[in-house]
Amino acid sequence: MCKVWQNGEPVYVSRVNREWSSKPNVLDIALAQGDNRFLVKLTNVSGDWSLSLKLTDLGGNAIPDVAYSAP
């Protein structure tokens with residue numbers, strides 16, 4: 001179960017409990033000019049938890065001049 005917000009607005013909600021997978025959920029979102037802040041909340045039912053985030057263009061390619069960091 002997962003929720004994702006971008007700049008305070010919800011962009012993804014899943015009520016499905018599943019393990020991390022190399023077959024990701026793909027979100028089609030538009031980045032705003034300047035900073036974009038993402039908040040991710042996960043429900044951990046059992047065991048370890050994992051999260052990975054990759055920002056790409058629609059073709060799956062890296063976006064030039066986009067940098068990201070986690071606090």
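This passage describes the fold, surface and selected residues of a predicted protein model.

The overall picture is quickly drawn. The protein contains 3 strands and 0 helices, and its elements follow the order β-β-β from the N terminus. Measured out along the principal axes, the C-alpha trace extends over about 40 × 25 × 20 Å. Of the 71 residues in the chain, 8% are classed as buried. The accessible surface amounts to about 6400 Å², and carbon and sulfur atoms contribute 51% of that area. Contacts across the sequence were also examined: among those between residues at least 6 apart, 51% link residues at least 24 apart. As for charge, the protein carries 7 positive and 7 negative side chains, with the centres of the two sets 9 Å apart.

Strand E1, which covers residues 2-6, offers two residues for a closer look. Gln 6 belongs to this strand and has a relative accessible area of 9%. Because this value falls under the 20% limit, Gln 6 counts as buried. Its surroundings can be listed in full once neighbours within four places in sequence are set aside: Gln 6 is in contact with Val 11, Ile 29, Ala 30, Leu 31, Ala 32, Asn 36, Arg 37 and Phe 38. Among these partners, Phe 38 is a residue of strand E3, which runs over 38-42, while Val 11 falls within strand E2, residues 9-14.

Lys 3 lies in strand E1 as well, but here the side chain is partly exposed, at 40% relative accessibility. Beyond the residues up to four places away in sequence, Lys 3 touches Tyr 12, Val 13, Leu 39, Val 40 and Lys 41. Tyr 12 and Val 13 are within the span of E2, and Leu 39, Val 40 and Lys 41 are within that of E3. Lys 3 thus has contacts in both of the other strands, given the 4.5 Å limit used for heavy atoms. With Pro 24 the relation is another one: 21 residues separate Lys 3 from Pro 24 in sequence, and their C-alpha atoms are 14 Å apart in space.

Following the chain onward, Asn 7 sits in the loop between E1 and E2. This residue has a positive phi of about 50°, although it is not a glycine. Most residues other than glycine have a negative phi. Asn 7 is partly exposed, with a relative accessible area of 37%. A second residue with this backbone feature is Asp 65, a non-glycine residue whose phi is positive at about 65°. Asp 65 is placed in the segment after E3 and counts as exposed, its relative accessibility being 85%.

In strand E2, Tyr 12 takes up the link to Lys 3 from the other side. Apart from residues up to four places away in sequence, Tyr 12 touches Cys 2, Lys 3, Val 4, Asn 25 and Leu 27. Cys 2, Lys 3 and Val 4 fall within strand E1. Tyr 12 and Val 40 are 28 residues apart in sequence, and the distance between their C-alpha atoms is 9.3 Å.

Asn 25, one of the contacts of Tyr 12, is located in the loop between E2 and E3. At 42% relative accessibility, Asn 25 counts as partly exposed. Outside the residues up to four places away in sequence, Asn 25 touches Tyr 12 and Arg 18. Asn 25 and Pro 64 are 39 residues apart in sequence, with 22 Å between their C-alpha atoms.

The remaining observations concern E3 and what follows. Val 40, Leu 42, Trp 49 and Leu 51 make a nonpolar surface patch of about 390 Å². Leu 51 has its place in the segment after strand E3, whereas the strand itself spans 38-42. Val 40 is thus a member of the patch and also one of the residues touched by Lys 3.

Val 45 is likewise in the segment after E3, and this residue is exposed, with a relative accessible area of 53%. Leaving out residues up to four places away in sequence, Val 45 touches Met 1 and Asn 17. Val 45 and Asn 17 are 28 residues apart along the chain, and 7.7 Å separates their C-alpha atoms.

Technical notes: Residues numbered from 1 in each chain as written. Predicted model: local features only at pLDDT ≥ 70, side-chain atom pairs only at ≥ 80, totals over all residues. Heavy atoms only, no water. Helix = DSSP H or I, 4+ residues; strand = E, 2+ residues; numbered from the N terminus. Buried < 20%, exposed > 50% of the residue type's maximum accessible area, 1.4 Å probe, protein only. Areas by Shrake-Rupley, 256 points an atom, 1.4 Å probe, with all protein chains shown as cover. Lys, Arg positive; Asp, Glu negative; His and termini not counted. Charge placed at Lys NZ, Arg CZ, Asp CG, Glu CD. Patch = residues over 30% accessible without salt bridge, like charges linked within 9 Å, V, L, I, M, F, W, Y side chains within 5 Å. Salt bridge = Lys/Arg side-chain N within 4 Å of Asp/Glu carboxyl O.
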